[in-house]
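Please open the model in a viewer and keep the sequence panel visible. The stops below follow one another as a series of selections.

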2 protein chains.
Amino acid sequence: MELNHELDDRKLKILQAVIKNYLETGEPVGSRTISKYTDLNLSSATIRNEMADLEDLGYIIQPHTSAGRIPSDKGYRLYVDMLMAEKEQEVIEMREQMLEKADKMDKILKQAAKVLAVNTNYATMVSAPNMNRNKLKFIQLSQVDEHQIIAVIVMEGNIIKNKIVTVEETLNNEIMLKLNMLLNTSLPGMSIEEINLGMIAALKEQAGAQAEIIGDVLNAIGSTIQPEDLEIYTSGATNVFKYPELSDNHSAQEIINAFEEKQMLQEIVTQTLSKDDNHGIQVYIGNETPVQSMKDCSVVTATYELGEGMQGTIGIIGPKRMDYEHVMKTLKTLMTELDEIFHKEE
Amino acid sequence: MELNHELDDRKLKILQAVIKNYLETGEPVGSRTISKYTDLNLSSATIRNEMADLEDLGYIIQPHTSAGRIPSDKGYRLYVDMLMAEKEQEVIEMREQMLEKADKMDKILKQAAKVLAVNTNYATMVSAPNMNRNKLKFIQLSQVDEHQIIAVIVMEGNIIKNKIVTVEETLNNEIMLKLNMLLNTSLPGMSIEEINLGMIAALKEQAGAQAEIIGDVLNAIGSTIQPEDLEIYTSGATNVFKYPELSDNHSAQEIINAFEEKQMLQEIVTQTLSKDDNHGIQVYIGNETPVQSMKDCSVVTATYELGEGMQGTIGIIGPKRMDYEHVMKTLKTLMTELDEIFHKEE
DNA sequence: TGTTAGCACTCAAAAGAAAAGAGTGCTAAT
DNA sequence: ATTAGCACTCTTTTCTTTTGAGTGCTAACA
């Protein structure tokens, strides 16, 4: 409990009591409540004095003169940091729920978001991992008609993408065979990062008359694997209505909107992934969050990792008075699950 | 204007005025307002008499004794029916917007929903067409590893699906060749409906030792093309917040929830497609809607058709005081667009 | 006979006033 | 250092009053 130099043990306990109580009720907490709530037997008057101090130090706030106190962002921050310190690990029965429908990646991720939302009662998001470093397993080109090719790209982890490529030249069986051969002798085992300009030039040269087709196909592959906008799956957005402090202010509307557009959620993903401290859990409280419309919320994120540095993000968005303890525990479990599922599939 | 036997021309005009005004303001409409609003020069007193009649006949309602009138469901119904009678056609600049990103089907549909939402300011949904009658173009099986096959299924309209099939037997090149050959000699040109048990049995027989694999693959194909839950794309769900009569009652919350779950939207799709009167526009007002949580809304739907009886649904959900005229016009345009896009691609 | 002016009446919504209640800060006693 | 006590503050709730839009009805009018 000796994380903070500004607060003695008693103040810390009182602060904790205020926060916990506020998490439960959502109402400002008064001194009398605390004096009954804690095990340290103090009268409300004493608590009042201490609370006045805590307010001076900026850990709690009085919404108006004669109201109880609510935690400030700084207060929440301290509380969360303390929680983080005692890393918990506990495996729930989420595994079964998860594995049920594990088929294609998008389904898994969608399912993950849902499980998390149901388990926590907050809004959740899961981003697909970035594929830059994922290796190609093979490419299968098939001819659709005289000028169209469908390219099926299979990557490690059996992630499958497909794309139709329209080419100028008139295609035939022979060309298709050649192209398939060409691509599959050099590309498998490479990641998108590794397929650079030199490599492309070499392939084009080998292709001879079909240089242009190869170019088109490679472009298509690039844009397919690395789509301009990350895919993000969400669930439980409507959970925000459950918290009056969000749904009263209209901030629920903004959050739901952000969830629908998904554009802004990307911000959160980028920010989370950019932090060095990965594979850990991050908590953004109030204004700390990257997205303006969530300034009245807390955002808890975690990074999951598939082999070879492919990373994705899981996030939970809820009111500041979030049940951090439960959320962090659940998040950790799910993260581990995702890691395992993907590694097993590989 | 002679659609209704119950109402003379003047009553009809007054009713229309009441509805139009209510559509604009969302507030109950009084007699004085109408007397100024219409071109028939009548005093408020006369209007009052007529309005009392209209109320007796059930076309308008008084929320409380000394308030103006608002249209009843019956009133809206008459109004919409009149609109429907004058089938409008008008091409807007939506074409460009639509064709911009026309790539894969899911993107097209997602885009369609978005365009519609932006154009109308209501919540929108677009369902993917049912594929029962769509014909297979070809199937491409590739071996992933010793026990896994990836099946890529290409259908008319270049709709592509893929699925990983895990099989008992140990696979090799020879087997894969045989399977590909087998499937592509008999299946192309057939629709899912046409691939019946007899056909499957015949294929299995021809496959000999690989009968089981063929069975698995065919199953996979079936379930891929005809997923248990229809895919539905939505957009602009948060538009419902723009209408106080929805967002005050909490019915906005329910609607948004329905949009998130998508389960209930399916109801609307099914109902729309089951109506004989297809390729037309349907309007559900208030309790007429198939989904309970939208009882305070109007739902406008349209069916778009890809060749061969593959049909999908477009829907708009908004307040009862919806701008029916604009919505129906926009819907019709979009419908035509979709038809064209898909037919062109084919 | 249909239309209209006028007026009393109704009722929801807005504004205002009063009461209740929760909680504080401060002082004085322990 | 802790606590009981009390005056004070400010929100919330409740009740009352006022306001105003809109009606229905009657009587006058063209």
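**First stop: two loop residues**

Select Asn121(A): at 32% relative accessibility it counts as partly exposed, because that class lies between buried (under 20% relative accessible area) and exposed (over 50%), judged with a 1.4 Å probe on protein chains only. This is a predicted model, in which local features need pLDDT of at least 70 and side-chain atom pairs count only at pLDDT 80 or more, while totals for chains, interfaces and linings use all residues. Residues are numbered from 1 along each chain as its sequence is written, chains are lettered from A and ligands numbered from 1 in the order in which they are written, and side-chain values use heavy atoms, with hydrogens and water left out.

Asn121(A) sits in the loop between helix 6 (105–120) and strand 3 (123–127) of chain A. Its phi is near 70 degrees, a positive value in a residue other than glycine. Helices (H or I, at least four residues) and strands (E, at least two) are DSSP runs, numbered from the N terminus.

Next, select Lys262(A), in the loop between helix 11 (251–261) and helix 12 (263–274) of chain A. Lys262(A) also has a positive phi, of about 70 degrees, although it is not a glycine. With a relative accessible area of 30%, Lys262(A) is partly exposed.

**Second stop: the five-stranded sheet**

Show chain A as a cartoon; its secondary structure comes to 13 helices and ten strands. An open sheet of five strands has the order 7-3-10-9-8, with antiparallel pairing; two strands pair if DSSP finds at least two bridges between them. Which strands stand at the edges? They are strand 7 (232–235) and strand 8 (281–285) of chain A, each with a single partner strand, so one side of each is left without a neighbour in the sheet. On average, neighbouring strands here are turned by 15 degrees against each other, direction ignored.

Zoom in on strand 8 and strand 9 (residues 297–306) of chain A, which pair in the antiparallel sense over five bridges. Val283(A) has Val300(A), in strand 9, as its bridge partner.

**Third stop: the three-stranded sheet**

Select strands 4, 5 and 6 of chain A, which form an open sheet in the order 4-5-6 with antiparallel pairing. Strand 4 and strand 6 (159–166) are the edge strands, each pairing on one side only. Neighbouring strands of this sheet are turned by 20 degrees against each other on average, direction ignored.

Eight bridges join strand 4 to strand 5 (residues 148–155) of chain A, and Gln143(A) stands opposite Ile149(A) in strand 5. Add helix 7 of chain A to the selection: it lies across strand 4 and strand 5, running at about 165 degrees to strand 4. Axes are lines fitted to C-alpha atoms, for helices over the stretch in contact (heavy atoms within 4.5 Å), and angles run from 0 to 180 degrees between N-to-C directions.

**Last stop: a pocket**

Finally, display chains A and B together and find the second largest pocket, with about 900 Å³ of space. A pocket is an open set of points on a 1 Å grid over the protein atoms alone, where a 1.4 Å probe fits, with protein on both sides within 12 Å along at least five of seven lines; lining residues have an atom within 4 Å of a point. The volume is the space filled by probe spheres set on the points, which are joined across faces, edges and corners. Of the 24 lining residues, the closest to the centre are Gln140(A), Leu141(A), Leu177(A), Asn180(A) and Gln140(B). Strand 4 of chain A gives the largest share of the lining, seven residues.
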